[in-house]
Amino acid sequence: MVSHVIPKTYAEALTVLKAGNHRVIAGGTDMMVRHRAWAGLPPLFDKPVLFAFTLSELKYVKEDEQVICIGAMTDLETLLHHERTPALLRQVIAIMASPAIRYVSTLAGNIVNASPAADSLLALYALDAQVVLESTSGKRILSIEKTIVGPGKTVLHDDEMVAEIRIPKTRFTHTMFRKVGGRRADAITKIGFVGCATVNEGIIRDLRLVFNAVAPVVVREKSVEALHVGHSVKNVLSDTDTLMHHYSEHIKPIDDQRSNQHYRKEAALRLARHFLDTLA
Ligand SMILES: Cc1cc2nc3c(=O)[nH]c(=O)nc-3n(C[C@H](O)[C@H](O)[C@H](O)COP(=O)(O)OP(=O)(O)OC[C@H]3O[C@@H](n4cnc5c(N)ncnc54)[C@H](O)[C@@H]3O)c2cc1C
């Protein structure tokens, strides 16, 4: 049995995946950890692997008037320093892992790994990112919310690859990103929060509140956000308890070795409240 394939072209990669029997490796920073074997032994994969990180066709950051398009094999360190990378996404990437890991890891890998604590997802949810999935049968373009359906679970078919991530260009008057971890670098998130808003003449025109590591998937409740758009900052701040009550229903963290439910919930709601205070 062939244990691995290193395709020369993207077309070849899709043809190999057509049989639905290969696992894609991008940077391998999740895959190699998840499938690690005893010290000194190679990792144990349940399927042959397709090494995609060398596919130069998928390494780019492009833009048109409305959208920034990121090729799936663009590494995080390149994105961190690229002038076209949205500022919010750059802020998040800056605290992900360490430079050595960022040089060989990708946004696509962070998305497909679908960890509830994945950091880039905070920015991708807040920025309404779309994920382009491709197979030899064609392309599907899905919102980030529709791509990830549970912890470690996506809607990708076995013959599909993430080809590109698309991020609409949006300007906000206020943004905030906070990662609560055990230390400043190379830390797995206890909880994370991104807030984005546009306030004009005291009225909230756009509001986006995103939390990670507090539920099986990243939490962004567009229906709750919409309740506050069109209202004055003053009104919203006079009743943050109602807003917090809405989020309280969706923020259902777990206890684990990094933190407990009570701390996670309290800290998440306080960060959201703090962000709202900055709008005044
Ligand atoms: C020391 C260390 C520190 C870390 N710190 C952080 C951190 O601070 N924040 C954080 O969020 N994560 C962190 N991670 C996790 C990891 O680095 C990220 O999730 C990274 O973005 C994964 O990218 P990758 O290219 O290495 O993915 P891989 O490991 O190659 O793949 C991950 C998953 O995605 C799939 N996949 C990858 N690319 C594609 C594609 N184009 N199409 C279809 N499927 C694909 C793979 O099959 C696999 O299921 C850390 C990991 C390590 C080892």
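**Exercise 1. Strand E5 and its partners**

Task: In this predicted model, determine how many residues of strand E5 (residues 67-71) are buried, and establish which strands are joined to E5 by bridges.

Solution.
Step 1. Consider the covering of the strand. Of the five residues in E5, four are buried, and the strand is therefore described as mostly covered; a residue is buried when its relative accessible area is under 20%.
Step 2. Examine the pairing with strand E4 (residues 61-63). E4 and E5 run antiparallel and are joined by three bridges. One pair to locate in the structure is Val 61 with its bridge partner in E5, Ile 70.
Step 3. Look at the connection. Three residues lie between E4 and E5, and the two strands form a hairpin.
Step 4. Turn to strand E10 (residues 161-168). E10 is also antiparallel to E5, and five bridges join the two. Here Cys 69 stands opposite Arg 166 of E10.

**Exercise 2. An open sheet**

Task: State in what order strands E1, E2 and E3 are arranged in their sheet, and explain why one side of E1 and of E2 has no neighbour there.

Solution.
Step 1. The order is E1-E3-E2, in an open sheet with parallel pairing.
Step 2. Strands E1 (4-5) and E2 (23-25) stand at the edges; each has a single partner strand, so one of its sides is left without a neighbour in the sheet.
Step 3. Verify one pairing. E2 and strand E3 (residues 49-51) run parallel and are joined by three bridges. Within E3, Leu 50 is the bridge partner of Val 24.

**Exercise 3. The setting of Glu 77**

Task: Decide whether Glu 77 is buried or exposed, and name the residues that Glu 77 touches beyond four places away in sequence.

Solution.
Step 1. Glu 77 belongs to helix H3 (residues 76-81).
Step 2. The relative accessibility of Glu 77 is 8%; because buried means under 20%, Glu 77 counts as buried.
Step 3. Leaving aside residues up to four places away in sequence, Glu 77 touches Pro 99, Arg 102 and Tyr 103.

**Exercise 4. Two packed helices**

Task: Classify the orientation of helices H11 and H12, and describe their contact.

Solution.
Step 1. Helix H11 (residues 240-250) packs against helix H12 (residues 261-278) at an angle of about 140°, and the axes are 11 Å apart.
Step 2. Angles over 145 degrees count as roughly antiparallel; H11 and H12 are therefore oblique to each other.
Step 3. The crossing of H11 past H12 is right-handed.
Step 4. H11 contributes Thr 240, Asp 241, Leu 243, Met 244, Tyr 247 and Ser 248 to the contact, while H12 contributes Lys 265, Leu 269, Ala 272, Arg 273 and Leu 276.
Step 5. Sorted by class, the contact has six nonpolar, two polar and three charged residues.

Notes: Residues are numbered from 1 along each chain as its sequence is written. This is a predicted model: local features need pLDDT of at least 70, side-chain atom pairs count only at pLDDT 80 or more; totals for chains, interfaces and linings use all residues. Side-chain values use heavy atoms; hydrogens and water are left out. Buried means under 20% relative accessible area, exposed over 50%, partly exposed in between (1.4 Å probe, protein chains only). Two strands pair if DSSP finds at least two bridges between them. Contact means heavy atoms within 4.5 Å. Axes are lines fitted to C-alpha atoms, for helices over the stretch in contact, and angles run from 0 to 180 degrees between N-to-C directions. Angles under 35 degrees count as roughly parallel, over 145 as roughly antiparallel, 65 to 115 as roughly perpendicular and the rest as oblique. A crossing is left-handed if the near helix is turned anticlockwise from the far one by less than a right angle, and right-handed if clockwise. Ala, Val, Leu, Ile, Met, Phe, Trp, Tyr, Cys and Pro count as nonpolar, Asp, Glu, Lys and Arg as charged, and the others, Gly among them, as polar.
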